[in-house]
Amino acid sequence: MSILPAKRAPRRLSVDAAIKTFFGCNALVAIIVLALITIFLFREGSGFFAQNLANLRLYRRAGLEYVDLIRAEAQNHAQLSRELSQIRLQETNETALANFDVFAGAFSNSAEELNGLVSDANDEAVTARDATLESGTVDEQATRALRAAGPRFDEIATSMRAKIDNLISAPPALTSSKAVESLQRWQTATRKYLAHLQATSQQLREWDPNKPIPASRTVTSFLFGNEWITASFWQDWYGIIPLLVGSMMVAAVALIIAVPFGIASAIYVSEVAARGEKSLIKPYIEFISAIPSVVLGFFGIAVVGQAVRAASHMSILRWVSFFPISERLNVFTAGCLLAFMAVPTIFTLSEDALRNVPRGFKEASYALGANRLQTIARVLIPASLSGIVSAALLGLGRVIGETMVVLLCAGNRIAIPDFTQGLGAFFQPVHTMTGIIAQEMGEVVRGSIHYRALFMVGLVLFVLTLGINYLAQRFVARFRMSIG
Amino acid sequence: MIGASSNQKKTRVMERIVFWAFRLATYFVLACASYIFLDIGIKGGRTVFTKAAPFVNVKFLTQWPQTLYVFDYHGQKMELSDSEFRQWKTTHNEDVDLASIAYSAGGIWPCIVGTALLVIGSMTLALIIGISSAIYLSEYSRNGPFIRLVRVAILNLAGVPSIVFGLFGFGLFVIFLGWNVSLISGWFTLGLMVLPAIITASEESLRAVPQGLREGSLALGATKWQTIRKNVLPYALPGILTSSILGIARVAGETAPIMFTAAYAMRDEMPWHVSHWTDFFFQGVMALPYHIYVVSSKIPQNEYTERVQYGTAFVFLVVVMLIALTSILLRERTRSRLSW
């Protein structure tokens, strides 16, 4: 010990300590980045709720809400008219059709006054809103003028009710039993509509522009809102539900396809395949995971979308009620492509989980006389189940967060699909959380409510994927314990 | 006895059927992948390769994207790029009925350059930070709350969607730091995105170096840093670099993070044409993945656009897949060689 000069030790130590600190700081980067992501999503998104609340309050104060109450009735009427034209398609007899057309025409004309009222009130409300935005205060006179639509609505509703009552008391005679049945259902719906008119009159009388909107409404209208409407002349809505539903549907299709394929190929490669086969398949599937998502998205537009639509037009698939489909870019197209992206993830992780099952488990099973399939089904899969589940969860995380494929192939229609069609909903275009950010971020004004809403969507996405990741890690932790 | 043997036969048949189902599922996935490669390879190959020497469409690889003009000229169908059309105009002073199709003529040279620049910058950044933190994690750290936190952060960072990285890069680099849409914003966004993969790969390689090498060096009186520099890193570095190549494929292939941080749909100057050298870092670039997005979503699908769409996809796919293939092959080799 005495040979070493005592002085040098502290200096060396300090150099080493400096190096250690340098590396330590780099290790910190991961934490810092995660914190920064959270901070910046919040920083840009946080103003959203205040702006949205002001937006909602203006909606009520300026009377847009009032007009929307009336508009809802006009739209319900239009919906009934559309149903009538659907019924028309089920009828073939010509004389019956001629009578039916007269009936349908009279029905659709009965809303003429209502539609006129809506369009007048619409203009008034927009003027009132713009004036309010400019001056900052509500013009009481404008509100009063707008409220005049209430009594007018009552009058219109009374005359409309009389007209429609008259109409449905003498429905046109139809020959097709299916059409008759539909018409009966339509009549019940129409009676319900007439009854609802009264309720709306009541609502209009009770409506109060100064009724306070609770601050929580801004959060609930974002998290549970059914509409995402931006840059409209009327009222912007930022409800995440259509986007969330779109993301979930695409992810569901992708997982339903990818999980069986991923796990089947993992079992095949780790248990069944010959050595040479294995050394070929494994790198190939890993190779698939390197295909850039934008190339897959392009492939979806150029090939898969066309193929899906062509397949839906084939005569052997005529029995499927929602075929043929009209949109080539829909949930199913995007889901298929995402499944293709998720298979390598699920495959690699499941294969790892299967390989990590101790040899002894397998040998014990063979020693008891089980064959390979029995060993796989009763021993290997149960032993690696949590690993496989976490593989599927990580696949889900990858699918939910994927942007380019859904942006290019999901159809980008911002609406909740029509679930009354059953599985047909999966062949309709949707928009997704990732897609909306990618599509609209480049066009919004910085600091506007729309801009902040997109950051909020990003935050929801971030929290969602963190949650999925957390679940997957929990499953892996349990998996380790079950083996040990 | 007879019942048992028929039962055995049944289970054997069952096993066969199930294994065949597994085999079919596996090969179906491989067939899908092959179909994608073939489709893009064949249709894209028509654009990128030519029948005559030099067998490669040099124009497509070295020119700017241009608008394509299609028109009928005395019964002859003309397809001219913007620059060719202007040339043609000087000799034929006539008005023709034009159909113009954006991006569909010329080549993709600036996109190739932009992607290369983005990859080089972000990988340099990611490798420096990634290897340093891997060294800390495998050589210096003792298991404690701090290290556990770092590991949790790395795991979670790996699961963050790329579009969220894009939003983050936009919020921090583009707006907060005021770098605007620029190369340097893209470098940081992509570099941080690929960081978890680099850290994990590097740590694995570092841990694969046998403990004896470190102990021997320390026993001879070397300091910790000397040990790492002379006896650990040289053996771990090949492994680190090969695993990181897969990170390159990811960086080159991602579109969402650069959409609002670094990529321009069109820019008519090369990145090195800057008035001051610092401007180099603060300019946006064109990039292959973004170009594919633009040409496949902003212009219609028809015979004129297919050329550039498939051509770009082909070039991009070949570049990324070559990188990935190198990584996978090298890894297989190092794995078989590096058995201590």
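Biologist: In this predicted model, what encloses helix α11 of chain B, residues 288-297?

Modeller: Nine of the ten residues of helix α11 of chain B are buried, so the helix is largely enclosed by the rest of the structure. The buried ones include B:Leu288, B:Pro289, B:Tyr290 and B:His291. Further along, B:Ile292, B:Tyr293, B:Val294, B:Val295 and B:Ser296 are buried too.

Biologist: And how many residues of helix α10 of chain A are buried?

Modeller: In α10 of chain A, 24 of 32 residues are buried, and the helix is mostly covered. Helix α10 covers residues 241-272 and reaches 44 Å from its first C-alpha to its last, close to the 46 Å expected at 1.5 Å a residue.

Biologist: Where does α10 of chain A have a kink?

Modeller: Look at A:Ala258, where there is a kink of about 30°. The proline A:Pro260 comes shortly after that point.

Biologist: Next, packed helices, please. How are two of them described?

Modeller: Two packed helices are described by the angle between their axes and the distance between the axes. For a case here, take helix α3 (residues 64-89) and helix α8 (residues 177-206), both of chain A: their axes come within 10 Å and cross at roughly 170°. That makes α3 of chain A roughly antiparallel to α8 of chain A, because an angle over 145 degrees counts as such.

Biologist: Which residues of α3 and α8 of chain A meet?

Modeller: From α3, they include A:Tyr66, A:Leu69, A:Glu73 and A:Leu80. Among those from α8 are A:Leu183, A:Trp186, A:Tyr193 and A:Leu197. By class, this contact has twelve nonpolar, five polar and two charged residues.

Biologist: Let's try a single residue. Where does A:Val476 sit?

Modeller: A:Val476 is in helix α18 of chain A, residues 449-483. It has 19 C-beta neighbours inside 10 Å, so it counts as partly exposed; a buried residue would need 20 or more. Leaving out residues up to four places away in sequence, A:Val476 touches A:Ser386, A:Gly387 and A:Ser390. Its C-alpha atom is 9.3 Å from that of A:Ala353, although the two are 123 residues apart along the chain.

Biologist: Last one: how many residues does each chain bring to the contact between chain A and chain B?

Modeller: Chain B brings 70 residues and chain A brings 68. On the side of chain B that touches chain A, helix α1 (residues 2-48) gives the most, with 17 residues. By class, that side of chain B has 51 nonpolar, 15 polar and four charged residues.

Key. Residues numbered from 1 in each chain as written. Chains lettered and ligands numbered in written order. Predicted model: local features only at pLDDT ≥ 70, side-chain atom pairs only at ≥ 80, totals over all residues. Axes fitted to C-alpha atoms, helices over the stretch in contact; angles between N-to-C directions. Helix = DSSP H or I, 4+ residues; strand = E, 2+ residues; numbered from the N terminus. Parallel < 35°, antiparallel > 145°, perpendicular 65-115°, else oblique. Contact = placed C-beta atoms within 7 Å. Nonpolar A, V, L, I, M, F, W, Y, C, P; charged D, E, K, R; others polar. Expected span 1.5 Å × (residues − 1). Bend = angle between axes of the 7 residues up to and from the residue. Buried ≥ 20, exposed ≤ 12 C-beta atoms within 10 Å, placed from the backbone.
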